[in-house]
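Q: Got a structure to go through with me? I'd like to start with helix packing, then jump around.
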Amino acid sequence: MTSVLQKHVATPDDRPDDLDRSAELRREARKRSLVKAAVFHVLVLAVAAVILYPALWMLMSSLKPSNEIVGNISLIPENASFANFTKALGGIGGVSFWTFFGNSLFLAVMSVIGVILSATITAYAFARIEFPGRKVWFSLMIATLLLPFHVVIIPQYIMFNELGLVNTFVPLLIGKFLAAEAFFVFLMVQFMRNLPRELDEAARIDGAGHVRIFRSIMLPLMKPPVMTASIFAFIWSWNDFFGPLLYLKKPDLFSLPVALRIYVDQTTTSDYGAQMAMAVLALVPVLLFFIIFQRFIVEGVSTQGLKG
Amino acid sequence: MSIKRSALKGIAVAAVASFALTACGGGGSEAAPSETLNTEEDVTIVFNWWGNDDRADKYEEAIDLFEKEYPNITVQTGFQAWDDYWSSRNTEAAGSSLPDVMQMDLSYLRQYGSTNQLLNLDGQIGTALDVDGLDSSLLDAGKLDGSQYGIATSSNTLAMFYNPDLLEQVGVEPLDPDYTWDDLNTFITDVSAAGASMDPVIYGSVDYTGTFWFFLQWLVQQGIEPFTEDGQLNFTREDMAEWLNTAEPIRTPVDATYPIARGTQLLPLGGFTVNETASEMSWDNFLAGYSADSGSDNLQMLPIPSNADGEKKMFLKPSMLLSASANSEHPAAAATLIDFLINDPEVGRIFGTSKGVPAVQAQRDAMVLEEGSVDARVVAYEESVAEFATEAAPLPVQGFGTIEAEFKRLGEEFAYRNITVDQFVDQWFSEAEMSVGQG
Amino acid sequence: MSLTAEATGNRTAPPTKGSQARRSRRAAETRAGYAFLTPWLLGFVLLTAGPMLASLYLAFTNYNLFSAPEWIGFDNFTRMFSDPQYLQSVKVTSIYVLVGTPIKLAAALAVAMLLNTKRRGQGAYRSIFYAPSLIGASVSIAIVWKAMFIDDGVVDQIGQVFGREPGGWVGNPSMTMPMMVLLTVWQFGAPMVIFLAGLKQVPNELYEAAEMDGAGSVRKFLRITLPMLSPVLFFNLLLETIHSFQIFGSAFIISGGTGGPAGSTLFYTLYLYRRGFVDFQMGYAAAMAWVLVLVVGIITFIFFKTSKSWVHYSGETK
């Protein structure tokens, strides 16, 4: 390197050679980085293709007649049609697909509402109010993140059964309204902790009580975690299987995952085409959410993980 | 500190509340009084059944007819798959809130009947409920300790199905009606040997010892009553081991049984319904499903194998029953629905033999029995084996569902050769000790 | 409104009155705190703490929903350890956790490192890899997975190209675990995204300095990347481990609720569900639940204790 420098300081007639040399070096460097870029993209695309294959296979299979599905590696349907979807939309035993869809939608939307209401309020208490026992309760809440749910489901079931609430949506929603999912509270608390306290104090001086501070100052600033929480609450509720399996017994109350499972369990046929179609239909909202909000979701997950 | 203490107190209160709620066990109740149907009063009753969407469509049709005839009764329907159905009923039973009318299976009759969950239908018989059309032995099958807790809607019995087209392909003759268990083993081995070179490979049958009801039938054939009057097991480990070993000839020296790995993946279909096994033992009313799934309308039925004395000793059992809840607020309306479903000829026509051969003659007559149709063939089969159906159906014990499922699970483990016959028997009996006659 | 008075009182009143005001302010804060906390407290007591205590009690009974619980002492626990299905469920779940989690995290880390560039499309790739995490545990994907892994299915065909014996994985008790592990590894996107964020936080100067000292890729990875990532690694490892203990939906759908074939997909949660909600042997199921809590608790404790020796919180985090 020093020799090049020296060369540069040297006589003027060396310059044309240097220019050529460095131009050549630059060209080689560009080529190398192009090759590197190509390798990168090929590699990543290869992995991405493998990752995406099952989802694409599901999508493409739903357009094929049943007998063309099982062994078929190729994604291209020979006889593409929407017949499977028509069948899937026909529902099960007199209960239409849209009923299942509507149930899932209701559960998901109510879950989002419940989570936002309860998690923000709870987070405010943990993040912004000093009161005795706060640390203890907070630790307990964090501990529930690590608690396997098995240890609560049986008594919960017994309790809801005694109250006659099995076969209603109540058991599935009540936890959302009581901040039972610590993940969301944690998300809000972390965010709130980063909001400057001066805002609170200014409001306090102006005579605002906690309720007003919460409503007028905190909430408007909470859009990012509220969005993240809403998206995850929606998706997790939409995909939830265990809860509906336990508590929804009447076909007209079934959510999509439970209906889908009945569809697969039919004792007469294994109609793969219709199964694939219904599987696709059941995932459409999740995929839609993802496509629209993907930047946001991924950002939300990565920042949340860092603070953990 | 005081906050912590009051919080702890709160938790304790909640915990006690949970205990209290859990400790409130199922409520017992007496046989309902004979209440007559008030045709002026509008009532709503709940009716649940298990089955697939085909059965659901049929029931909806039948219920529509019922509601036309009894406009003051509205029926709220619901249905589930078998497993979920019994899970739900169990939960409801605990809360004493079973549906007004429900489809009942023999395997659970004792469990629900003896825990006072089912309405004693004696109070309704003769008024809302007319059971004259039923064969007395079928009617008796729904009784517990002399009282009526379920009414058989239809009957079924075991049959040996076979696919003559497949047999022709492999060049093996069908069995004669008076064949024995040994003959069956030979038949299966022959078919599997002949079918080994085909594509797809054809087998004689699955390992038939893996189904609990077949074991019970075999016990009856040996002159052993499977269960005692007071709901306990009446057979020994040796009996079970002997049964499992009857199929030894089809396992060694050559394994002629349908590969379990394939069978598992085909669920809910099986080797027989994908035309890869030539025979299958099952309930006779499965002909409809088998024909539809396999696509063959040429499936034939034989009675089950004879024992060493040449006797079949088959039994006719209720394929399913209808029961009412002991806590129903409208026992007369519930009984009316049951009466309609078992007696109305139109209902007979709607269901055909999909649930079994209808128990009441009027319904049998109303079935459209086209020559060669599934319904006709099932009815013909049952008539042909009537002479063999000399025994009474065993009344399953409490916990039957669990031990039946355990038998099936062990059958699967055995088919994968993960356990031996002795291990099978040991595990099953330990499960049975825990589940039979509890509660 | 009283707060205003207290607030002004705090600033202008003489000391004695001030401490009184402070105390009443503290009381008001306490009230407010608990007021805001009420929903969570209610939920905690009714849905978490209460049920936990109740199930602890039930674990020592033979409750079956029909009749009142009857105390049987440790019978449920002794039964567990001679119950072949229970032991099978422990074995199946352990293999899944011990094999699946490391592979999943290794894949997540590898792809995160691959994507840790400033190249174009990185954001899109990140999203593509993340997508399976959102749908992976759903019933829909379980159905698709089963359809892909059965006899003559897609995986079977591909396997035959590579010389494997024909035969699907679903009906083969020794191949169902690889199938389930593949399903969880497929969802590596979520931990990957977190690793990626962690990687971005590693200051480039560290790598440059190491390069000047002549360190190769392996040394850079071991001496810089891993230690800097250790908090994130810890987080991911702990959560993934606990999460994988609780697998239920996929196994339920693929095995049709049985945990078969031959118990090869009888995960702990599935067996617990069968015992508790199909057989209604709820005392037994409650005992199983508590054993799981204990095991997870011990594992968590070990994680935290050992973390001190390998998790490297450098000054700049947070």
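Q: How do the axes of H5 and H8 of chain A cross, and within what distance do they come?
A: This is a predicted model, so take every value as computed from it. The axes of H5 (residues 134-145) and H8 (residues 182-193) of chain A come within 9 Å. They cross at roughly 130°.

Q: What does that make H5(A) relative to H8(A)?
A: Oblique. Angles over 145 degrees count as roughly antiparallel and 65 to 115 as roughly perpendicular, so the roughly 130° crossing falls in the oblique class.

Q: Left-handed or right-handed crossing?
A: H5(A) passes H8(A) left-handed.

Q: Which residues make the contact?
A: From H5(A), they are Met141(A), Ile142(A), Thr144(A) and Leu145(A). H8(A) brings Ala182(A), Phe183(A), Val185(A) and Phe186(A).

Q: And by class, how many are nonpolar, polar or charged?
A: Seven nonpolar, one polar, no charged. Thr144(A) is the polar one, because Thr is outside both the nonpolar and the charged lists.

Q: Just before H8 there's a loop. Which helices of chain A flank Ala179(A)?
A: Ala179(A) sits in the loop between helix H7 (170-177) and H8 of chain A.

Q: What's its phi?
A: Ala179(A) has a positive phi, about 50°, and it is not a glycine.

Q: Is Ala179(A) buried or exposed?
A: Buried. The cut-off is 20 or more other C-beta atoms within 10 Å. Ala179(A) has 30, so it qualifies.

Q: Now chain B. What is the phi of Asn116(B)?
A: About 60°, so positive, in a residue that is not a glycine.

Q: Where is Asn116(B), and how many C-beta neighbours does it have inside 10 Å?
A: Asn116(B) is in the loop between helix H4 (106-113) and helix H5 (136-141) of chain B. It has 18 C-beta neighbours inside 10 Å, so it counts as partly exposed.

Q: Cis peptides next. What joins Asp199(B) and Pro200(B)?
A: A cis peptide bond, with omega about 0°. Pro200(B) lies in the loop between helix H7 (181-195) and helix H8 (212-221) of chain B.

Q: And what joins Thr252(B) and Pro253(B)?
A: A cis peptide bond as well, with omega about -5°. Pro253(B) belongs to the loop between helix H9 (237-245) and helix H10 (260-266) of chain B.

Q: Back to chain A. How many helices and strands?
A: Chain A has 14 helices and zero strands.

Q: What is its radius of gyration, and what does the globule rule give?
A: The radius of gyration of chain A is 28 Å. The globule rule gives 19 Å for 308 residues, so chain A is more spread out than a compact globule.

Q: What does the C-alpha trace span along its principal axes?
A: For chain A, about 95 × 70 × 30 Å.

Q: What share of chain A is buried?
A: Buried residues make up 44% of the 308 in chain A.

Q: What about contacts between residues 24 or more positions apart?
A: Among contacts in chain A with a separation of 6 or more, they account for 74%.

Q: Last topic, A against C. How many residues are in contact?
A: 74 residues of chain A contact 80 residues of chain C.

Q: Which helix gives the largest share on the chain A side?
A: Helix H14 (residues 272-307) of chain A, with 15 residues.

Q: And how does that side divide by class?
A: The side of chain A that touches chain C has 51 nonpolar, 17 polar and six charged residues.

Technical notes:
Residues numbered from 1 in each chain as written. Chains lettered and ligands numbered in written order. Predicted model: local features only at pLDDT ≥ 70, side-chain atom pairs only at ≥ 80, totals over all residues. Axes fitted to C-alpha atoms, helices over the stretch in contact; angles between N-to-C directions. Helix = DSSP H or I, 4+ residues; strand = E, 2+ residues; numbered from the N terminus. Parallel < 35°, antiparallel > 145°, perpendicular 65-115°, else oblique. Left-handed = near helix turned anticlockwise from the far one by under 90°. Contact = placed C-beta atoms within 7 Å. Buried ≥ 20, exposed ≤ 12 C-beta atoms within 10 Å, placed from the backbone. Rg over C-alpha atoms; globule rule 2.2 N^0.38 Å.
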